[in-house]
Amino acid sequence: MHRMLTHKSSKESSLTEEQKWRNKIQEIIQTGEKRIGKLASDFPCQVDSFLEKYPEPQKDNEEYVAAKQLLEDNHTKVGELLLRVLIGLDGLEFPAELPELRQERRTVIKETQARINAADKQWSRVKNH
């Protein structure tokens, strides 16, 4: 086991500082994607299916209420998981000599915010339904 740790440390020390920072960005993104899974990409389809099945509100229908609650729960999960990605990225303090990493982080933050906005837009279709 000690050899594995030494090997890993040796491998890490051969990485440039920029590569180490890029790896941290990728780790945050990958962790977020693993947690989110298909939930974020499936959410718009779930909303469409719900609205097709229930074109009008049916607040007295238990199945309708349960399906709407599931959508609300999924929207909350997607938002929270994407927010964790934003928080992780926000916590990275890059050295001043690596401005391209700041730009890369900004790009990922904008993409993540767009995904949150898309989920919110889908949920707004159902929220007051």
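The face of helix α2 turned away from its buried side carries the exposed residues E27 and K34. In this predicted model, the buried positions of α2 are W21, I25, I28, G32 and I36. These residues lie on the same side of α2, because they cover an arc of only 65° around the axis. That buried set packs against three helices, namely α3 (39-53), α4 (62-90) and α5 (99-127).

Helix α2 comprises residues 17-36, 20 residues in total. Its first and last C-alpha atoms are separated by 29 Å, close to the 28 Å expected at 1.5 Å a residue. Just after α2, G37 adopts a positive phi of about 55°.

On the N-terminal side, L15 is placed in the loop between α1 (2-14) and α2. L15 has a relative accessible area of 27% and is therefore partly exposed, since this class lies between the limits of 20% for buried and 50% for exposed. With neighbours within four places in sequence left aside, the contacts of L15 are K20 and N23, and both of these positions fall within the 17-36 range of α2.

Helix α5 contains 29 residues, which should span 42 Å at 1.5 Å a residue; the end C-alpha atoms are 41 Å apart, so the two values agree. The buried residues of α5 are L101, R105, V108, I109, T112, I116, A119, Q122, W123 and V126. Arginine, threonine and glutamine positions are thus represented in this list by R105, T112 and Q122. The cover over the buried residues of α5 includes α2, α3 and α4.

The largest nonpolar core consists of 28 residues, and L71, L89 and L92 have the most contacts inside it. At least two residues of this core come from each of α2, α3, α4 and α5. The greatest contribution is that of α4, which supplies eight residues.

For L92, one of the residues with the most contacts inside the core, the partners beyond four places in sequence are W21, K24, I25, I28 and R105. Among these partners, W21, I25 and I28 belong to the buried set of α2, while R105 is listed among the buried residues of α5. L92 is thus in contact with buried residues of both α2 and α5.

Note on methods
Residues are numbered from 1 along each chain as its sequence is written. This is a predicted model: local features need pLDDT of at least 70, side-chain atom pairs count only at pLDDT 80 or more; totals for chains, interfaces and linings use all residues. Side-chain values use heavy atoms; hydrogens and water are left out. Helices (H or I, at least four residues) and strands (E, at least two) are DSSP runs, numbered from the N terminus. The expected span of a helix is 1.5 Å times one less than its number of residues. Buried means under 20% relative accessible area, exposed over 50%, partly exposed in between (1.4 Å probe, protein chains only). The arc is that of the directions from the helix axis to the C-beta atoms. Contact means heavy atoms within 4.5 Å. A nonpolar core is a set of buried Ala, Val, Leu, Ile, Met, Phe, Trp, Tyr and Cys residues joined through side-chain atoms within 4.5 Å.
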